[in-house]
Amino acid sequence: MSEKLATLSFSDGTPSVDFPVLGGTVGPEVIDVRALYAKTGKFTYDPGFMSTASCRSNITYIDGDQGILQYRGYPIEQLAEHCDFLEVAYLILNGELPNQEQKATFVDIIKHHTMVHEQLSRFYSGFRRDAHPMAVLCGVVGALSAFYHDSIDIHDARSREISAFRLIAKLPTITAMTYKYSVGQPFRYPKNSLSYVENFLYMMFGTPCEDYTPNPVLTRAMERILILHADHEQNASTSTVRLAGSTGANPFACISAGIASLWGPAHGGANEAVLKMLAEIDDAKNIPAFIKRVKEKDGHAMLMGFGHRVYKNYDPRAKIIQKTCHEVLEELDLKDDKLFKLAIALEKVALEDDYFVKRKLYPNVDFYSGIVYKALSIPVSMFTAIFALARTVGWIAQWNELISDPDQKIGRPRQLFMGATRREFVPMNKRK
Ligand code: CMC
């Protein structure tokens, strides 16, 4: 079959040029414009990458119109139902679900990388106790590059694999240490008898005076949250990791860059913003006034936890997390939780309101995740840090895919320059 082409024509008589149209295994075709500048002397203009595929990837597929999310081809609903987080991590990293033996080996490797260098714990005391956990995470994860020189040869596949193990294993320890530091409690060392998620909860909530006994319903809820956040194709933080990685920077520095990007309220910081918004609304009777402010874009008011660049339908993760939210609140006898009831009422109003319907704004993963975190006694400021813990799997898999791609080039966008053209220097005494 002959190659499919897209023809670009100009209104000023410049000759038309053809570009190959590439097809993926599923999803929209893409026009390969790599030769555009060479052929026409022109660039494309696409702020926010609204129509730009920045890479080829085999990891995660999203159909935003239909509300579909798949890791390596498997629907998120099936993975969230049947797998634990490490099984999903293995899948994302390696492309296939592990068999029993592969899973046992992987779990064992991760378990034996959970401790951090003792000197790393001293970094924490350089931070104020009230530092935002994301500020601490950016610093401490970036600092890992100063501890693990033996695994930062990015051109060696085994080195990259070891860095992946280290990051996935140490992020729960580092995240829990961030929390412990903020509340002034001693750090808990990881315990190898526990599962990955139990261990995280133990390091968060155990103290030397009182051990933490994991509750299976809460552990399962945390597993689900981590699975749902593990990867999401080329979002802002993943693109940040890829861009940093394209320069040859070491993996720990790249993940630290991803954490910084995730922090923003339009991205990972939204779960924190949802709880702040619910607290501000306070009562169902104030919903109409709040929705009015949002619709009038009064003071940049937004319905946090709603809307998504890709999903123009219900975010499939939001459905799963809403169910998990019910289970957790039931287990903890919090069915009448004020925030949960308020969130349900707010969701109902928004889903029936023309403003949101017309713009295809539906709840995203963050709308209910904050309520689950809160029920698990996780403080609001830690929400995005836990998102980072989960997303580390996706980031490192995407980074590895980038480095292994023979077409990989340093990421270097161009611009439409709108500033001053050349002018002569004016000495200080002649300036107005
Ligand atoms: N509340 C009110 N209006 C909204 C919202 C919202 N949450 N989201 C989008 N809109 C409006 C927006 O003002 C615009 O209206 P108009 O056409 O009148 O100018 C229209 O909907 C299209 O929005 P957009 O800003 O062009 O959409 P985008 O794709 O650039 O932004 C988004 C996507 C996620 C940044 C945005 O929806 C948002 O800021 N939502 C709230 C924050 C949030 O929940 N983020 C979590 C995303 S999921 C987790 C993750 O992946 O990190």
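A residue is counted as near the ligand if one of its heavy atoms lies within 4 Å of it. In this predicted model, 21 residues surround the ligand. Those that come nearest are H267, L303, G305, F306 and R309. By class, the shell is made up of 11 nonpolar, 6 polar and 4 charged residues.

Polar contacts to the ligand involve both backbone and side-chain atoms. L303 contributes through its backbone: an N or O atom there lies 2.7 Å from a nitrogen atom of the ligand. R309 contributes through its side chain, where a polar atom sits 2.8 Å from an oxygen atom of the ligand. The side chain of R359 also takes part, with an N or O atom 3.0 Å from a ligand oxygen. On its own, the ligand has 940 Å² of accessible area, and the protein covers 74% of this. L303 and R309 thus appear both among the residues that come nearest and in the list of polar contacts, at 2.7 Å for L303 and 2.8 Å for R309.

The fold as a whole was examined next. The chain has 17 helices and 6 strands. Its C-alpha trace spans about 80 × 70 × 60 Å along the principal axes. The radius of gyration is 24 Å; this agrees with the value near 22 Å for a compact globule, because that is what the rule gives for 432 residues. Of these 432 residues, 47% count as buried. Contacts between residues 24 or more positions apart make up 69% of those with a separation of 6 or more. The accessible surface of the chain comes to about 22400 Å². Carbon and sulfur atoms account for 54% of that surface.

One loop residue, N250, was examined individually. N250 lies in the loop between α9 (236–245) and α10 (251–262). Is N250 buried or exposed? The relative accessible area of N250 is 18%. The cut-off for a buried residue is under 20%, so N250 is buried. The side chain of N250 reaches the backbone nitrogen of F252 at 2.9 Å. F252 falls within the range given for α10 (251–262). Leaving aside residues up to four places away in sequence, N250 touches S145, I152 and I154. The loop residue N250 therefore combines a buried position, by its 18% relative accessible area, with a side-chain contact to the backbone of F252 and contacts to S145, I152 and I154.

Note on methods
Residues numbered from 1 in each chain as written. Heavy atoms only, no water. Polar contact = N/O pair within 3.5 Å; in protein donor to acceptor, adjacent residues only side chain to side chain. Areas by Shrake-Rupley, 256 points an atom, 1.4 Å probe, with all protein chains shown as cover. Nonpolar A, V, L, I, M, F, W, Y, C, P; charged D, E, K, R; others polar. Helix = DSSP H or I, 4+ residues; strand = E, 2+ residues; numbered from the N terminus. Rg over C-alpha atoms; globule rule 2.2 N^0.38 Å. Buried < 20%, exposed > 50% of the residue type's maximum accessible area, 1.4 Å probe, protein only. Contact = heavy atoms within 4.5 Å.
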